[in-house]
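Welcome! Take a look at the model below, and then we will walk through how some of its helices and strands fit together.

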Amino acid sequence: MHVPAFLSHRRDPSLARRLLLLQALVVGVVVLTASVVAYLDARQAVQETAEQETTAIVESLADSPLVRDAVAGPDPTGVLQPYVEQVRADTGTSFITVLAPDRTRYTHPDPAEIGRPFRGTIAPALAGETFTETYTGTLGPSVRATGPVVGDGGDVVALVSAGITVEAIGDDLAAAVPGIAGTALATLAVGGLGSWALSRRLQRQTHGLSPGQLARMVEYHSAVLHAVREGLLLVDGEQRVQLVNDEARRLLGLAGDPTGRHVAELGLPAELTAVLAQQRTAVDEVHVTGTRVLVVNQAPPQAADGSAGTVVTLRDHTDLQALTGELDSVRSFAESLRAQAHEAANRLHTTVSLVELGRTQEAVDFAIASLASAQRLTDRVVGSVGDPVLAALLLGKVATAHERGVLLEIDPATSVGDTGLPGGDLVTVVGNLLDNAIDAALAGDPPREVQFAAEVADGRLEIRVEDTGPGVAEADLGRVFERGWSTKDTDGAPAGLGRGLGLALVAAAVTRHGGTIAVRPGPGAEFVVRLPLPVPAGAAS
């Protein structure tokens, strides 16, 4: 994507960089918090393990017959000191002390402390309870368990205390720190790598723009979408609408926001839906909706990542089509005048020749007859059709049909005043119906004729066009007004238009004015159009 010049000179850090820094901070805080929690949990676990081990040792020694017999014998120290020291070495505890109820030590890791008073709490043990505490003794602070040795009579005859110094517990905790630190570093590395990869992806997708620049781009983007006078439609690779501006909604007659809907769910004509669904390149293709003539262009976006989808632009061709129809009527009228001028010149030469031959009366009769024939047609059209555009169109079509070998007759009962309908729409309806009828008559057997009739009744304008051509097959009645349907060859038709547009334009104009159109199948087709007349401004009260 090309970054506009007004966004290219940036000073603020990009959105991707800001998110990378934020993610790094969040990952760091999370890892640090998790490490502290893990350390505290490990310390608690080590202390609980020490309490459990010392309690198990105390209870085991207190239940030992050897200990009970030794404290009752004449030399408790001589019996217990080597035994207890062996147990202490096997269990890895810091000290195991057997003492009399008066605190006199029978055993101790330091022989000098034997016979001296025990330092620590013994009241719960004298009451028959084994308990744990943290106390500072001769070896320093320690986590210890103390319990009673009960004699045969049920009395407390001695006490056993076993402990692990806080320093030894710290060594065990220190052994767990490398694992905690390693896990934290690995988590930090994985989180940092993931954040970096996400930042790189975001950097590509946002093209290195900062949040402020992205906000300005969205604002400009929204302003452009609402300001342009062309309809804009973005369709993704799954044929779903991703973006549509106000003009596109108006041109397509979409109610609400169609974003996210499939193109087949928009209620568009089948031909236009097929173009959007196929996602092929389309250049200035003319499509007819219910009330409009649209010029459609479609092309895939130039996305750097090669994502699928198309950009569709829509231009309203309805007014231009009406103006084109009026121009065609003027051109037809001019062609009629040219043909009549050519024919008038021939008649003038004939009249002059008769005068030169001295046949004055024959010259006068011939001139009067020729003028009367031409004037009758003009008077009849102008007298029965009050709309000058429609009258000019009919005169032109009569001359065109005559040149092509088709007799276009206007029903004497035709009577149309000022209808109030737009001249362009009248030209679209009548002109295309007559063109279609003339072409159909040429495809049939002689006599090749087209009948035109129009009248106003019950607040409606009724237009009837009938030809002597092969007509419309009954099986095709439902497709007559579809864009692209035609009984004529499409070779040589203009690019983007093709055949089969005239009747589609007729149907669009009729629908736009709330009218109806009916077709009688062949041989010899008949089209009947009924258009409600607009109510004059002063009459709608």
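A helix axis here is a line fitted to C-alpha atoms over the stretch in contact, and an angle between axes runs from 0 to 180 degrees between N-to-C directions. With that in hand, keep in mind that this is a predicted model. In it, α12 and α13 pack with their axes 10 Å apart and at an angle of about 15 degrees. Angles under 35 degrees count as roughly parallel, so α12 is roughly parallel to α13.

**The pair α12 and α13**

- These two helices, α12 and α13, cross in a right-handed way.
- On the α12 side, the residues that meet α13 are Val-389, Leu-390, Leu-393, Leu-394, Lys-397 and Ala-401.
- Their partners in α13 are Gly-423, Val-427, Val-430, Gly-431, Leu-434, Asp-435 and Ile-438.
- Sorted by class, the contact of α12 with α13 has nine nonpolar residues, two polar ones and two charged ones.

**The pair α13 and α14**

- Helix α13 spans residues 423–442 and helix α14 spans residues 502–512; their axes come within 9 Å and cross at roughly 145 degrees.
- The crossing of α13 past α14 is left-handed.
- From α13, the contact uses Asp-425, Thr-428, Val-429, Asn-432, Leu-433 and Asn-436.
- From α14, the contact uses Gly-502, Leu-503, Leu-505, Val-506, Ala-509, Val-510 and Arg-512.
- The residues of this contact of α13 with α14 comprise seven nonpolar, four polar and two charged.

**The sheet**

- Try tracing the open sheet: its five strands follow the order β10-β11-β12-β14-β13, and their pairing is mixed.
- The edges are held by β10 (407–410) and β13 (516–520); each has a single partner strand, so one side of each has no neighbour in the sheet.
- On average, neighbouring strands of this sheet are turned by 15 degrees against each other, direction ignored.
- Strands β12 (residues 460–467) and β14 (residues 526–532) run antiparallel and are joined by seven bridges.
- Within that pair, look for Glu-466, which stands opposite Glu-526 in β14.

**Helices on the sheet**

- Helix α12 (residues 388–403) packs on the sheet, where it touches β10 and β11 (449–457).
- The direction of α12 makes about 150 degrees with that of β10.
- Helix α13 lies across β10, β11, β12 and β14, and runs at about 15 degrees to β12.

Note on methods: Residues are numbered from 1 along each chain as its sequence is written. This is a predicted model: local features need pLDDT of at least 70, side-chain atom pairs count only at pLDDT 80 or more; totals for chains, interfaces and linings use all residues. Side-chain values use heavy atoms; hydrogens and water are left out. Helices (H or I, at least four residues) and strands (E, at least two) are DSSP runs, numbered from the N terminus. A crossing is left-handed if the near helix is turned anticlockwise from the far one by less than a right angle, and right-handed if clockwise. Contact means heavy atoms within 4.5 Å. Ala, Val, Leu, Ile, Met, Phe, Trp, Tyr, Cys and Pro count as nonpolar, Asp, Glu, Lys and Arg as charged, and the others, Gly among them, as polar. Two strands pair if DSSP finds at least two bridges between them. Angles under 35 degrees count as roughly parallel, over 145 as roughly antiparallel, 65 to 115 as roughly perpendicular and the rest as oblique.
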